[in-house]
Amino acid sequence: MTTGAAPVTVIIPTLNEEDWLGDAIDSAFAAGAAEVIVADAASVDRTPRIAKAHGARLLLAERPRARQLNAAVQAAAHDNLIILHADTRLPAGAAEAVGKALQDVEFGGFRIAFIESSTRLRVAATLINLRTAMTKAPWGDQAQFIRRNALLRDGGFREMPFMEDYELAARMKGGRILPLTVRTSGRRFLRLGLFRTAAINWRIIVR
């Protein structure tokens with residue numbers, strides 16, 4: 001549980017994330033989350049069992065990810081929310097820091113580092129943190145946090161096929177970036193390459 005700030009619900013949308021989910025849930029509780037909801041879109045692996053075994057509340061929801069998130073937002077026991085990807089780990093003290101931040105702002109995120117050791121990923125993290133410092137618009141792998149009333153007032157997550165995290169960041173504007181760092185997997189960067197991954201993301205955004 002958090003101390004000195006309102007309690008926080010962590011929401012993790014999943015689809016076949018058995019290799020990553022347990023550590024994400026554990027990091028959320030260790031960071032002080034009062035509740036963890038796994039919003040699962042009919043995984044065919046051990047994801048649902050892992051969610052329950054690690055103490056999360058399992059919620060079955062339809063794809064896309066934005067729809068999973070909207071269902072979990074409505075079901076959450078608390079108004080302060082952190083959206084956590086299954087391959088991302090929250091740092092110690094994250095829930096209390098978010099609870100305090102959301103007393104003053106409506107939206108924000110964290111700095112980022114990658115779990116895997118790679119020079120390319122260190123460069124990517126530096127560029128992402130620089131971009132976020134300038135734009136105040138953290139993306140989904142930076143564990144976006146938000147007050148539920150602010151999200152619902154503006155229509156929730158847009159139920160688009162992907163990039164709902166970017167759309168939310170662009171819509172909310174002026175988020176607070178906490179001086180804490182989440183660790184996330186660089187598997188997409190490692191599989192596709194740094195510049196190809198960035199190019200795909202920005203091509204989608206432009207379209």
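Begin with the largest nonpolar core (buried Ala, Val, Leu, Ile, Met, Phe, Trp, Tyr and Cys residues joined through side-chain atoms within 4.5 Å; buried means under 20% relative accessible area with a 1.4 Å probe, protein chains only): of its 36 residues, V10, I12, L90 and F110 touch the most other members. Two or more residues each come from β1 (8-14), α1 (21-30), β2 (35-40), α2 (47-53), α4 (94-101), β6 (107-114), α5 (119-135) and β8 (176-184); helices (H or I, at least four residues) and strands (E, at least two) are DSSP runs numbered from the N terminus.

The model is predicted, with local features requiring pLDDT of at least 70 and side-chain atom pairs pLDDT 80 or more, while totals for chains, interfaces and linings use all residues. Residues are numbered from 1 along each chain as its sequence is written, and side-chain values use heavy atoms, without hydrogens and water.

Next, select L90. Leaving out residues up to four places away in sequence, L90 touches V10, S27, A28, A31, I82, L84, F110, A143 and V182 (contact means heavy atoms within 4.5 Å). Another core, of 19 residues, lies apart from the largest one and includes L69, A137, L168 and M172.

Move to Q68, in helix α3 (residues 65-75). Q68 counts as buried because its relative accessibility is 4%. Beyond its neighbours within four places in sequence, Q68 contacts P13, T14, A39, D40, A41, A61, E62 and R63.

Finally, select P13, R65, L69, I83, H85, G140, Q144, F157, E164 and D165, which line the largest cavity (on a 1 Å grid over the protein atoms alone, a set of points where a 1.4 Å probe fits but cannot get out; lining residues have an atom within 4 Å of a point). Helices α3 and α7 (164-172) each give two or more residues to this lining.

Key: Buried means under 20% relative accessible area, exposed over 50%, partly exposed in between (1.4 Å probe, protein chains only). On a 1 Å grid over the protein atoms alone, a cavity is a set of points where a 1.4 Å probe fits but cannot get out, and a pocket is an open set with protein on both sides within 12 Å along at least five of seven lines; lining residues have an atom within 4 Å of a point.
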